[in-house]
Amino acid sequence: MLYLVGLGLADETDITVKGLNIVKQAHRVYLEAYTSILMVDKYKLEAYYDRPIIVADREMVESNDDDILARADIEDVAFLVVGDPFGATTHSDLVLRARQLHIPTQIIHNASVMSAVGATGLQLYNFGQTISMVFFTDTWRPSSFYDRVKENRQIGLHTLMLLDIKVKEQSEENLARGRKIFEPPRFMTAGQCAAQMLEIEEDRGEGAYDPRSLAVAVARLGAPDQQMAAGTLKQISVTDLGAPLHSLVLLGRAHDLEREYIRGFAINQGEFDSAWVAQYHTRPQ
């Protein structure tokens with residue numbers, strides 16, 4: 001059996017009881033380590049689960065999944081995923097591959113950013129398409145996200161932005177030369193995301209949002225030191241929320257209950273109120 005086990009958002013204790021029991025009895029345990037990360041290293045997981053863990057990087061999962069699926073028709077294999085197993089399409093591909101090999105699968109769900117973002121006080125029913133924001137380079141500044149943000153905003157829906165992480169990535173030169181030399185890990189901040197959004201708005205000029213558009217920046221969602229900051233994109237672009245992981249929510253149509261909730265962690269409540277009036281044409285009570 002191949003088990004895909006969600007680990008939750010923060011640390012080793014976020015695993016469910018069902019998931020922990022599966023990990024403890026599995027013949028092999030893999031940790032997917034490139035679509036997201038926990039806020040603890042694999043050694044803490046190994047100590048808590050009392051099991052050795054094999055780190056599965058992008059190359060292993062997407063190109064060498066035979067290693068993961070080997071003997072899974074007669075042995076139990078646990079594949080650990082930060083958040084929920086279906087938070088990334090990569091994991092659907094792994095299940096499809098297992099089906100082709102007639103390997104039974106079972107999914108153990110857990111909390112993910114897609115649901116936990118409700119901690120911002122913004123109602124989940126009011127979220128539209130989720131967007132991925134990648135690091136810009138000198139030669140690559142993709143703007144396809146802009147159209148989906150614009151679509152969300154046109155029908156009044158909030159937009160959750162999932163921010164880029166770079167783990168075990170090679171530089172263009174090392175990749176071209178076939179050298180297995182990897183760059184230090186990088187994690188996009190909410191400030192970097194906001195700044196890149198404003199760059200693209202300046203280029204496109206279609207009014208999907210502007211520097212005074214309201215957003216909520218989230219850092220370390222689900223952890224004891226979770227932090228949030230509400231403000232304009234311009235404010236968030238220069239706000240430091242500390243260690244990763246970060247995400248960003250651009251507001252769509254919002255009502256007074258949501259306003260009251262997010263105002264509690266406004267960067268500057270006076271500026272927040274002013275931006276709210278400009279965006280929604282209603283004055284806070």
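Reader: Leaving aside its neighbours within four places in sequence, which residues is E201 in contact with?
Author: With that stretch set aside, E201 touches Y146, E206, G207, A208 and Y209. Contact means heavy atoms within 4.5 Å, so each of these five residues meets that limit with E201. Do keep in mind that this is a predicted model. E201 itself is part of helix α9, which covers residues 190-204.

Reader: Why is E201 said to have no salt bridge?
Author: Let's set the value against the limit. The nearest side chain of opposite charge belongs to R204, and it is 7.8 Å away. A salt bridge needs a side-chain nitrogen of Lys or Arg within 4 Å of a carboxyl oxygen of Asp or Glu, so R204 does not qualify. E201 is nevertheless buried.

Reader: What makes E201 and A208 a polar contact?
Author: A polar atom of the E201 side chain lies 3.2 Å from the backbone nitrogen of A208. The limit for a pair of N or O atoms is 3.5 Å, so the distance passes.

Reader: Why are β6 and β11 called edge strands?
Author: Look at the order first: this open sheet of five strands runs β6-β7-β12-β10-β11, with mixed pairing. β6 (131-133) and β11 (227-232) each have a single partner strand, so one side of each is left without a neighbour in the sheet. Neighbouring strands here are turned by 25 degrees against each other on average, direction ignored.

Reader: How do you know that β7 and β12 pair?
Author: Pairing asks for at least two bridges between two strands. Strand β7 (residues 159-163) and strand β12 (residues 246-250) share four, in the antiparallel sense. Four satisfies the requirement, so they count as paired. You can find M161 opposite L248 in β12, while L162 has S247 as its bridge partner. On the other flank, five bridges join β10 to β12, also antiparallel, and V218 stands opposite S247.

Reader: What makes β12 largely enclosed?
Author: Five of the five residues of β12 are buried, so the rest of the structure largely encloses this strand. H246, L248 and L250 point one way, S247 and V249 point the other way, and all are buried.

Reader: Which strands stand at the edges of the sheet β3-β2-β4-β1-β5, and why?
Author: This open sheet has parallel pairing. Its edges are β3 (54-56) and β5 (105-108), each with a single partner strand, so each has one side without a neighbour in the sheet. Strand β1 (residues 2-6) pairs with β5 over four bridges, and V5 has I108 as its bridge partner there. Helix α1 (residues 17-25) lies across β1, β2, β4 and β5, at about 135 degrees to β1.

Reader: Why does H102 count as exposed?
Author: Its relative accessibility is 70%. Exposed means over 50%, so H102 belongs in that class. You will find H102 in the loop between α5 (89-100) and β5.

Reader: What is noted about phi at H102 and R71?
Author: H102 has a positive phi of about 60 degrees although it is not a glycine. R71, not a glycine either, has a positive phi of about 65 degrees, and it sits in the loop between α4 (65-69) and β4.

Reader: What kind of peptide bond joins P244 and L245?
Author: The bond is cis, with omega about 0 degrees. L245 is placed in the loop between α10 (233-236) and β12.

Notes. Residues are numbered from 1 along each chain as its sequence is written. This is a predicted model: local features need pLDDT of at least 70, side-chain atom pairs count only at pLDDT 80 or more; totals for chains, interfaces and linings use all residues. Side-chain values use heavy atoms; hydrogens and water are left out. Helices (H or I, at least four residues) and strands (E, at least two) are DSSP runs, numbered from the N terminus. Buried means under 20% relative accessible area, exposed over 50%, partly exposed in between (1.4 Å probe, protein chains only). Lys and Arg count as positive and Asp and Glu as negative; His and the chain ends are not counted. A polar contact is a pair of N or O atoms within 3.5 Å; within protein, one must be able to donate a hydrogen and the other to accept it, and residues adjacent in sequence count only if both atoms are side-chain atoms. Axes are lines fitted to C-alpha atoms, for helices over the stretch in contact, and angles run from 0 to 180 degrees between N-to-C directions.
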